[in-house]
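User: Hi! Could you walk me through this model, one question at a time?

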Amino acid sequence: MVATFMVLIMTKRMTPVLALIIVPTIFGLFAGAGLGIGDMALDAIGGLAPTAALLMFAIIYFGLMIDVGLFDPLVRVILRLVGHDPVKVVVGTALLAAVISLDGDGSTTFIVVTSAMLPIYLRLGLSPVVLTCVAGLANGAMNILPWGGPTARAAAALDLSPSDVFVPMVPSLVAGLVVIFAFSWHLGLLERRRLGTIDLPGEGLGGGAGSGGGAATRSTGPRGGGGTATRVEPISTVAIQTLVRPDDTAMADSMLDPQRSTLRPRMFWFNLVLTAAVMVLLVADVLPLAYVFMAGSAIAIIANFPRVSDQAQRIVAHAPSIVGVVSMVLAAGVLIGVLEGTGMVDAMAAWVSGSIPDQLGAFSAVITGLLSIPMTFFLSNDAFYFGILPVLAESAAAFGIAPVDMARASITGQVVHMQSPLVPAILLLISLAGVNLGDHHKKVLWRAVVVALVMLVVGIAVGSIGIG
């Protein structure tokens with residue numbers, strides 16, 4: 001079922017939303033779900049409803065902040081720091097994603113990174129798939145933080161302390177981030193070779209009028225000396241407009257125009273304080289996250305757009321992004337419902353635990369780390385950590401493998417897990433960036449597997465993941 005789903009979306013034979021509905025429905029019926037398949041799907045969708053509400057109003061809130069210009073100064077600062085060099089832009093994206101991921105929430109990370117970096121990518125003509133790739137990798141590696149979710153689940157499932165699981169894995173995390181930055185540097189090099197370094201006139205977000213004179217140029221040819229001349233080619237205004245306004249990017253229409261009518265420069269400090277308050281409430285976790293964004297969106301819209309007609313227009317303006325991500329989250333409920341309702345998850349857990357030969361028992365932690373790569377991609381974290389990990393840990397105990405070693409090994413696959421269509425945050429990322437899920441997977445999956453393997457190997461090398 002999962003393989004069929006992946007083939008369909010990566011070959012673009014079916015959109016992810018439709019594949020999430022049709023594929024599990026067909027396989028669920030073959031698995032004997034019968035008329036109960038509807039209840040299975042609705043039960044899972046009910047559990048995803050708060051997540052769908054969170055993403056919907058998070059898109060409205062941050063989309064509104066983009067409309068009113070809150071992130072424009074941030075984009076200008078980042079642009080001055082990284083210049084117009086694709087390598088610096090891509091590496092800067094990975095760094096920003098890693099830093100923002102410290103809050104432990106993937107959705108917030110992707111919203112902030114997309115808001116800050118997507119205008120730069122579109123302005124320079126860089127591929128948004130590169131943005132989703134490096135942001136997804138950085139967030140996936142940082143997801144093993146104790147407050148990120150999987151580490152806490154592994155610790156709870158095996159009755160351990162989250163700090164005992166995480167702290168010895170810090171070298172693995174550092175090694176994973178090094179590999180991610182290396183991948184980012186290489187992707188930036190590929191983009192530089194494809195585009196050259198684009199020099200745009202002026203400091204403004206959109207260039208053009210009011211941002212200084214002169215013609216935009218693209219520098220091509222070998223860099224770094226060597227006696228070879230660098231060719232400078234002029235880029236027409238039409239070409240620049242093509243680079244910065246792709247039709248398939250839902251949030252690009254308003255975020256690049258420095259003269260847009262939705263700008264509210266007088267409300268900058270109010271919006272900044274409001275956003276800071278929202279972020280504090282998210283980290284403090286004193287209110288449901290969905291409600292925080294609902295209330296924040298309502299306050300922001302009323303304060304920035306007092307007229308009722310403008311309020312309605314701002315909500316409708318972000319409908320493309322909302323429909324895309326929320327529909328995928330709800331459709332994912334069908335896949336989750338069939339996996340759990342038909343007993344597929346339980347059967348997979350029993351099969352995995354029974355497939356490890358006794359002679360390999362001493363390597364149970366290593367095997368668990370390897371299994372975490374595909375299993376956490378195909379299953380939810382709850383299913384893996386509460387359904388499969390305890391079974392594996394119990395069988396490993398007979399070979400002298402401590403539960404904490406099993407827990408540490410189990411979190412190394414999180415960088416792959418975060419690319420799964422079952423993770424709402426990644427659906428939000430590709431929706432905001434206007435990227436096809438299949439295109440994202442083609443670029444990110446093999447790199448995520450490499451990062452996960454590096455983290456596992458380093459964990460074994462430094463002794464945080466033991467061998468019996």
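User: Which residues make the nonpolar surface patch of about 570 Å²?

Analyst: Happy to help; a word on the model comes before the patch. This is a predicted model, where local features need pLDDT of at least 70, side-chain atom pairs count only at pLDDT 80 or more, and totals for chains, interfaces and linings use all residues. Residues are numbered from 1 along each chain as its sequence is written, and side-chain values use heavy atoms, with hydrogens and water left out. A nonpolar patch joins side chains of Val, Leu, Ile, Met, Phe, Trp or Tyr within 5 Å, from residues with over 30% relative accessible area and no salt bridge (a side-chain nitrogen of Lys or Arg within 4 Å of a carboxyl oxygen of Asp or Glu), and here its members are L18, I21, I22, I26, F27 and F30.

User: Is L18 buried, partly exposed or exposed?

Analyst: L18 sits in helix 2 (residues 16-30); helices are DSSP runs of H or I with at least four residues, strands are E runs of at least two, and both are numbered from the N terminus. Buried means under 20% relative accessible area and exposed over 50%, with partly exposed in between (1.4 Å probe, protein chains only). Because its relative accessibility is 47%, L18 is partly exposed.

User: What is the relative accessible area of G63, and is G63 buried or exposed?

Analyst: G63 belongs to helix 3 (residues 37-68). Its C-alpha lies 6.9 Å from that of H318, although the two are 255 residues apart in sequence. G63 is buried, at 1%.

User: Which residue's backbone oxygen does the side chain of Q419 reach?

Analyst: Q419 is in the loop between helix 21 (414-417) and helix 22 (424-433), and is buried at 0% relative accessibility. Leaving aside neighbours within four places in sequence, its contacts (heavy atoms within 4.5 Å) include G136, F377 and H440. At 2.9 Å, its side chain reaches the backbone oxygen of V415.

User: How far apart are the end C-alpha atoms of helix 5 (residues 86-100)?

Analyst: The expected span of a helix is 1.5 Å times one less than its number of residues. Helix 5 has 15 residues, so its span should be 21 Å. The model agrees, with end C-alpha atoms 21 Å apart.

User: What percentage of the protein chain's 468 residues count as buried?

Analyst: The protein chain has 23 helices and three strands. Among its contacts between residues at least 6 apart in sequence, 77% join residues at least 24 apart. The buried share of the 468 residues is 53%.

Note on methods: Patches are made of residues with over 30% relative accessible area and no salt bridge: like charges are joined within 9 Å, nonpolar side chains (Val, Leu, Ile, Met, Phe, Trp, Tyr) within 5 Å. Accessible areas come from the Shrake-Rupley method with a 1.4 Å probe; for residues, only the protein chains shown count as cover. A polar contact is a pair of N or O atoms within 3.5 Å; within protein, one must be able to donate a hydrogen and the other to accept it, and residues adjacent in sequence count only if both atoms are side-chain atoms.
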